[in-house]
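Dear colleague,

I am handing over the structure below for your use. Please look through it first, and then read the notes that come after it.

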Amino acid sequence: MIDTGPIVTADSVTFRLPDDGPDLDGARLLPALSLPPETELDFTHTEGTWRLTLDRPPVHRMEYRFQLRHPSGDLEEVCDPANPLRAPGAFGDKSVVEFPDYTAPSWLAADRVEGERLEVRDGVTLWSPAGPDEPLPLLVAHDGPEYDELAGLTLFSAAMIQAGRLPSHRVALLSPGDRDEEYSANPAHATALRRTILPALRTAARVRGPVVGMGASLGGLAMLHAHRRHPGLFGGLFLQSASFLDIAVDAHEAERFGRFERVDAFVGRVRRRRPSRTVPTVLTCGLAEENLANNRRMAAVLDRQDYPVRLVEVPDAHNYVGWRDAFDPALVDLLTQVWTS
């Protein structure tokens, strides 16, 4: 069998799609990351194969799909049929290219403590290390089930506890209802966290020390919003590729996202108003994603407002594997700072 998978080097990747006829009218690469607008993404057909060579983006791994154009004019999106490497995502699987310097986190294969799960209420699951019921620190995650399934969040906690790198702690996995509505700087959601969700978690299990909130994309934005509305709610924030949509750098989102105006208004208020309380905050963001500019702006704002803040720029894009790969050491360092200081 002839290998027609991607040809990967340290500096580029060549995608190949056999089509002797050709039976297709064309093929196009759909990269799951941001590239310069002049980047050529259409394949050319030579010697029975559609081909495209792409200079390496600033990433260690790259998720993508193909768009096929049929003679009928219909367009079809597919994973690369010659590449078995896949990454799951909230919107379906994507094919993956790993460049030679990519290494998966070692904790994925590490020993772990056993864990237990408790359904606290609709949309709220609590993971605890197995053992006696005792007061433990708490990490609260927006999009928790997706974080757990696609980024191994509780596996990470179990491995870090086993290794002694983090104290025993619990993880609350929060499911959104209407995600775009709840997580888009919605005061009702921030109030629900303060009045309903966190009290229910404290009733289900005793909490020791400051609670840390985490989230990705809109989930990260929602955590910062809840902290700014209710300053004592969280003692630390871990915000990954958070959607700090700002008209100055994200005008292209104004028509695509129905809650853009509300988010932009909140981001503006953060810039203008100093908070009554600051907390240790870590932002992570991919070097090849649209949110990088607004994350850099937000990190600078929080720094001016005297947050103990750090921005970690990672060689990936806006996806759960990239967020997973940033847990160690960024999340370890934050939790250690908040829970042991």
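The notes below describe what was found, beginning with the strands and ending with the cysteines.

Please bear in mind throughout that this is a predicted model.

**Strand 2 and its partners**

A convenient place to begin is strand 2, which covers residues 12–18. Six of its seven residues are buried, so strand 2 is largely enclosed by the rest of the structure. Strand 1 (residues 7–8) pairs with strand 2 in the antiparallel sense, over two bridges. These two strands form a hairpin, with three residues between them. Within this pairing, I7 has T14 of strand 2 as its bridge partner.

Strand 2 also pairs with strand 5 (residues 49–55); the two run antiparallel and are joined by seven bridges. Here F15 has L52 of strand 5 as its bridge partner.

**Aromatic pairs**

The whole structure contains ten aromatic pairs. One of them involves F15 again: its ring centre lies 6.2 Å from that of F66, and because the two planes stand at 90°, the pair is edge-to-face. Since F15 belongs to strand 2 and F66 to strand 6 (residues 61–69), the pair ties together parts that are 51 residues apart in sequence. Both F15 and F66 are buried.

Another edge-to-face pair is formed by Y147 and Y320, with 5.7 Å from centre to centre and 85° between the planes. Y147 lies in helix 1 (residues 144–151) and Y320 in helix 8 (residues 320–325), so this pair ties together parts that are 173 residues apart in sequence. Y147 is buried, its relative accessible area being 0%. Y320 is buried as well, with a value of 10%. Both tyrosines belong to a cluster linked by ring pairs, whose members are W107, Y147, F156, Y320, W323 and F327.

**Salt bridges**

The structure holds 19 salt bridges. Three of them may serve as an introduction.

- R65 and E77 meet through their side chains, at 3.7 Å from N to O. R65 is in strand 6 and E77 in strand 7 (residues 75–78), so the pair ties together parts that are twelve residues apart in sequence. R65 is partly exposed, at 21% relative accessibility, and E77 is partly exposed, at 46%.
- R165 and D328 meet at 2.8 Å from N to O. This pair links distant parts of the chain, 163 residues apart: R165 is in the loop between helix 2 (153–163) and strand 13 (170–174), while D328 is in helix 9 (residues 327–340). R165 has a relative accessible area of 37% and is partly exposed; D328 is also partly exposed, at 24%.
- E253 and R256 form a salt bridge in which the closest N and O atoms are 2.9 Å apart. E253 counts as buried, at 15% relative accessibility, whereas R256 is exposed, at 56%.

In addition, R61, E63 and D316 are joined into one network by salt bridges that share partners.

**Nonpolar cores**

The largest nonpolar core has 41 residues, of which V140, L201, F234, L239, F244 and M298 touch the most other members. Which elements give two or more residues to this core? They are strand 11 (124–129), strand 12 (138–141), strand 13, helix 4 (187–204), helix 5 (218–229), strand 15 (236–240), helix 6 (260–272) and helix 7 (292–304). Helix 5 gives the most, with six residues.

F234 offers a view of the surroundings of one core member. Leaving aside residues up to four places away in sequence, F234 touches V140, L198, V211, V212, G213, M223, A226, R277 and V279.

Another core lies apart from the largest one; it has 34 residues, among them L139, V312, A330 and W339.

**Cysteines**

A disulfide is a covalent bond between the sulfur atoms of two cysteines. How many disulfides does the structure hold? The number is zero. Two cysteines may be noted individually: C79 is buried, with a relative accessible area of 14%, and C285 is buried, with a relative accessible area of 1%.

For a first look at the model, I suggest F15 as a starting point, as this residue appears both in the bridge with L52 and in the aromatic pair with F66.

With kind regards

Conventions
Residues numbered from 1 in each chain as written. Predicted model: local features only at pLDDT ≥ 70, side-chain atom pairs only at ≥ 80, totals over all residues. Heavy atoms only, no water. Phe/Tyr/Trp six-rings, centres within 6.5 Å; stacked < 30°, edge-to-face > 60°. Helix = DSSP H or I, 4+ residues; strand = E, 2+ residues; numbered from the N terminus. Buried < 20%, exposed > 50% of the residue type's maximum accessible area, 1.4 Å probe, protein only. Salt bridge = Lys/Arg side-chain N within 4 Å of Asp/Glu carboxyl O. Core = buried A, V, L, I, M, F, W, Y, C linked by side-chain atoms within 4.5 Å. Contact = heavy atoms within 4.5 Å. Disulfide = S-S within 2.5 Å. Pairing = 2+ DSSP bridges.
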